[in-house]
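Me: I've got a structure to look at, and I keep tripping over the words people use. Can we go through what makes each label fit?

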Amino acid sequence: MSVPLLEVRDLVKHYPLAGGPFGGGNAVVHAVDGISFALEAGTTMAVVGESGSGKTTTARLILLLERPTAGSIHFEGQDISSASGATLRAYKRSVQAVFQDPYSSLSPRMRVRDIVGEPLEVHEKLGRTALRARVGELLEQVGLNPSAANAYPHQFSGGQRQRIAIARALSLNPKLIVLDEPVSALDVSIRAQILNLLVDLQRDRSLSYLLISHDLAIVEHMSHSVGVMYAGQMVELTSAERLYADPRHPYTEALMAAVPSIDPDQPLGLVVGGDVANPADPPSGCRFHPRCPLRESLGNPAICSETDPALGELDATHRVACHFRTPTGTTPEAAPATSGVVSR
């Protein structure tokens, strides 16, 4: 069996609260709480969920902008969770990022040639002529004229700025790019252009993507596999095709049902009620249980509020963290795939 490009094992990130570990107490924010997944080379894995689910913290951990509280991150089979020195430098060459807001991720004081060329200057020590030629090539690859190298970010539209950010991410020929909501700050009219560019670059360069998004339409268009997060935990993990055809966790069903339809005859989407779990004080048992209509339909069984469900296997390619949606569930016949949501 081949080694995944990226593998996360029982990853945890807790942040101390005021009065917590450094103030004598032990209160923490459970931003990420024991997630595991693997990303195969040349594919895209999406991590989806509501705001506060832990998906952006997951991205920051993968980029080593944050160090995990526990667990490990393996890249090409090597644990890089606490990497330093040459190992850290090699990892950061191989893993780059494109962030959500192209208006803030590019320095307004730097010309495009310096923004795109800075990683090359730091890591490859190119001469001026070679650097200029390489920057021009990168700009062409993302659909910009090489003459754009002399301009400043404020002279470009949002979509063009995101192309510049992509060119910068490509400069060191990475193997993995973390895409943190890469089009959510852009006009709807140009989102498809950027997404298609990313798909083309993946095909031409054999890139892998970790896509952080709340937009299920984008996830369906871009992804090969999907992990659904809720309150810092992974609640469903499978292929994109399987997830969209047969979502099994009640939370995933609610996310899918809430996507608006362009069909005027389609009824309004379905959503769960209640508030998102507080990461500083998560519910006992299943973290989704206070909002779960499936639990209510089954008579509020105690197991939901007392026992945290494991990410169990439906089969070799589909894992779900629900007491009633796995082959060993207590009453699987009472949990049809169409339940788990309530009308808006």
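Reply: Sure. Keep in mind that this is a predicted model. Start with the open sheet of eight strands, in the order β6-β7-β8-β3-β9-β10-β13-β12 and with mixed pairing.

Me: What makes β6 and β12 edge strands?

Reply: β6 (95–98) and β12 (312–315) each pair on one side only. On average, neighbouring strands here are turned by 20° against each other, direction ignored.

Me: How do you know that β7 and β8 pair?

Reply: Two strands pair if there are at least two bridges between them. Strand β7 (residues 176–180) and strand β8 (residues 208–213) have five bridges, in the parallel sense, so they count as paired. Within this pair, L179 stands opposite L211 in β8.

Me: Which strands does helix α6 touch?

Reply: Helix α6 (residues 188–205) packs on the sheet and touches β3 (44–48), β7 and β8. The direction of α6 makes about 155° with that of β8.

Me: Now over to H74 in strand β4. Why is H74 called buried?

Reply: The cut-off for buried is under 20% relative accessible area. H74 comes in at 10%, so the label buried fits.

Me: What makes the link between H74 and R9 a polar contact?

Reply: The N or O atoms have to be within 3.5 Å. The side chains of H74 and R9 are joined at 3.4 Å, so that fits the limit. The H74 side chain also makes a polar contact with the side chain of S72, at 2.9 Å.

Technical notes. Residues are numbered from 1 along each chain as its sequence is written. This is a predicted model: local features need pLDDT of at least 70, side-chain atom pairs count only at pLDDT 80 or more; totals for chains, interfaces and linings use all residues. Side-chain values use heavy atoms; hydrogens and water are left out. Helices (H or I, at least four residues) and strands (E, at least two) are DSSP runs, numbered from the N terminus. Buried means under 20% relative accessible area, exposed over 50%, partly exposed in between (1.4 Å probe, protein chains only). A polar contact is a pair of N or O atoms within 3.5 Å; within protein, one must be able to donate a hydrogen and the other to accept it, and residues adjacent in sequence count only if both atoms are side-chain atoms. Axes are lines fitted to C-alpha atoms, for helices over the stretch in contact, and angles run from 0 to 180 degrees between N-to-C directions. Contact means heavy atoms within 4.5 Å.
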